[in-house]
Amino acid sequence: MYLDLFKLKELPFRLSPDPQFLYLSKQHARAKAYMESTIWFTDGFVVITGEVGSGKTTLIESFLKEVEADIVVAQINQTQVSAVDFLQAVLVQFGFAPFKMKKGELIATLNQFLVEQYAAGRKVLLIVDEAQNLSLRVLEEVRLLSGVETTKDKVLRIIFCGQPELNEKLDAPELVQLAQRIRLRFHLGALSFDEMRAYIQHRLEVAGSADREIFSAETFAEIFRYTGGVPRLVNTLCDTAMIAAYSNDRDHVTLADIHSASEELRWVDFATRTSSMRGKVEARTPAGIAAAAALAAVVPDSTLEATGPILGRVLVSTEGRTVRELPLRVGRMIVGRTDDNDLQIDSRFVSRHHCQLIVSAQACVIEDLNSTNGIYVKSKRVRRQHLNDGDVVVIGKHELIYMDERARFGRGHFAEAHAQPRPDEDA
């Protein structure tokens with residue numbers, strides 16, 4: 001990769017939620033302070049919302065890294081579950097093996113555990129990420145858990161994190177009792193231009209840039225134009241731009257590299273993309289508009305309205321069965337467990353953002369995103385691997401089988417079909 005050229009210790013714009021890279025803007029600092037308040041107060045719980053890619057999960061990881069030893073934490077990320085599954089998942093986090101318990105036993109075990117921890121002087125914290133996916137029935141179970149108390153205090157502290165539609169769900173008439181227990185709510189918006197610039201410089205410094213200027217001053221306005229200040233989009237564009245600079249053997253990123261990266265990703269400017277998505281949402285409710293903005297923030301136009309030649313395909317297989325087939329065009333595809341990925345593999349062996357496929361007119365590369373269980377090619381764990389026709393990438397209990405269309409029809413045909421005029425050329 002480009003680490004040696006840029007004289008960096010590690011990749012500065014990974015998509016995985018690494019706490020050491022957290023940039024505390026004013027709003028992120030406030031959200032973190034609200035999380036910390038759950039340790040001090042026991043008379044309610046905290047709700048943090050934000051658009052997809054706004055940094056919620058990184059904030060959680062940073063917060064957890066600093067919690068004291070006397071705090072017992074259960075962190076739930078899989079939220080499209082039944083009430084029984086949810087209660088089992090919480091107990092697993094607390095060290096139990098509850099899979100043969102009936103619902104009544106699950107509740108009794110949890111209640112007893114909470115009271116025992118309180119008696120031992122330990123605080124218990126439940127953090128639920130992607131909470132917007134919880135069903136009303138599961139949310140009612142959370143309300144009942146939040147009501148477990150001694151004569152003086154509630155014994156369970158709760159933090160909900162999720163996308164904006166979480167607020168609408170919590171305000172449903174069926175959950176009025178739960179809504180009354182919410183102590184604090186905070187919404188994470190996109191970064192301002194100045195915050196985005198500081199965010200980029202912060203990540204570069206953590207990665208080892210010291211006081212060197214890696215991104216030219218004129219690039220920041222263009223980065224903001226394409227990303228709208230959404231942290232995950234900033235990471236994607238900056239990483240791709242650094243690869244573009246690396247391919248030209250240049251140790252700094254120029255405006256031309258930003259343009260090259262945006263072309264590779266097939267992004268139009270953020271405002272146009274957001275506006276386009278809003279127009280496609282049938283429902284004109286505030287929730288509908290918010291959902292459109294969130295979707296537009298992370299899904300490039302090439303995903304929504306795919307254009308350009310198909311350069312390859314990925315067959316997703318598990319237990320010998322092909323369960324999905326995806327065409328590959330020039331751009332980047334993120335693979336992971338949650339539904340904000342381009343390719344979702346809902347498995348406990350797959351990380352939230354597990355790996356990425358980078359497709360160019362000439363090649364396809366798969367890159368691990370600092371996942372827990374890694375990616376394997378030919379029984380060898382790899383960080384980054386150029387894929388050849390027929391290569392099988394093992395992710396947990398799933399296989400990604402790469403089919404290269406260029407190997408079948410010739411690379412010259414696709415390179416010519418993909419060629420487009422540069423912005424500074426006459427169309």
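In the protein chain of this predicted model, 63% of the contacts between residues at least 6 apart in sequence join residues that are at least 24 apart. The chain comprises 427 residues, of which 52% count as buried, and its secondary structure consists of 17 helices and 16 strands.

A pair of residues in two strands illustrates such long-range contacts. Isoleucine 71 belongs to strand β2, which covers residues 71-76, whereas leucine 125 is found in strand β3, which covers residues 123-128. Although 54 residues separate isoleucine 71 from leucine 125 along the chain, their C-alpha atoms are 7.0 Å apart in space. Isoleucine 71 has a relative accessible area of 10% and therefore counts as buried, the cut-off being under 20%; leucine 125, with a relative accessible area of 0%, is buried as well. When residues up to four places away in sequence are left out, isoleucine 71 touches Ile39, Lys123 and Leu125. On the same basis, leucine 125 touches Thr38, Ile39, Phe63, Ile71, Val72, Val73, Ala74, Arg157, Ile158 and Ile159. Ile39 thus appears among the contacts of isoleucine 71 and also among those of leucine 125.

Ile39 is one of the buried residues of helix α2, the others being Gln27, His28, Ala31, Lys32, Tyr34, Met35, Ser37 and Thr38. Helix α2 spans residues 26-40, and the distance of 21 Å from the first C-alpha of its 15 residues to the last is close to the 21 Å expected at 1.5 Å a residue. An α-helix has 3.6 residues a turn, so residues three or four places apart point the same way.

The helices α4 (residues 83-93) and α5 (residues 103-119) pack against one another, their axes coming within 10 Å and crossing at roughly 35°. The crossing of α4 and α5 is left-handed. On the α4 side the contact is made by Val84, Leu87, Gln88, Val90 and Leu91, and on the α5 side by Lys103, Leu106, Ile107, Thr109 and Leu110.

The largest nonpolar core of the model contains 35 residues, and those with the most contacts inside it are Ile200, Phe215, Ile223, Met242 and Val253. At least two residues of this core are supplied by each of the helices α9 (193-207), α10 (219-227), α11 (231-247) and α12 (255-265), and the largest share, 8 residues, comes from α11. With neighbours within four places in sequence set aside, valine 253 is in contact with Phe6, Ile214, Phe215, Ser216, Thr219, Ala241, Met242, Ala245 and Ile258. Apart from this core lies another, of 34 residues, among them Val47, Ala83, Leu106 and Leu145.

Threonine 254 is located in the loop that joins α11 and α12. Its relative accessible area is 16%, so threonine 254 counts as buried under the 20% cut-off. With residues up to four places away in sequence not counted, threonine 254 touches Ser216 and Thr219, both of which are also contacts of valine 253.

An open sheet of 6 strands, paired in the antiparallel sense, has the order β7-β6-β16-β15-β12-β13. Strands β7 (321-328) and β13 (380-382) stand at the edges and each have a single partner strand, so one side of each is left without a neighbour in the sheet. From one strand to the next, the twist averages 30°. In a regular strand the side chains alternate between the two faces of the sheet.

At the β7 edge, strand β6 (residues 312-318) pairs with β7 in the antiparallel sense over 7 bridges. Within this pairing, the bridge partner of valine 316 in β7 is arginine 324, while threonine 318 stands opposite arginine 321 of β7. The two strands β6 and β7 form a hairpin with 2 residues between them, and in the turn glutamate 319 has a positive phi of about 55°.

How values were computed:
Residues numbered from 1 in each chain as written. Predicted model: local features only at pLDDT ≥ 70, side-chain atom pairs only at ≥ 80, totals over all residues. Heavy atoms only, no water. Pairing = 2+ DSSP bridges. Helix = DSSP H or I, 4+ residues; strand = E, 2+ residues; numbered from the N terminus. Axes fitted to C-alpha atoms, helices over the stretch in contact; angles between N-to-C directions. Expected span 1.5 Å × (residues − 1). Buried < 20%, exposed > 50% of the residue type's maximum accessible area, 1.4 Å probe, protein only. Core = buried A, V, L, I, M, F, W, Y, C linked by side-chain atoms within 4.5 Å. Contact = heavy atoms within 4.5 Å. Left-handed = near helix turned anticlockwise from the far one by under 90°.
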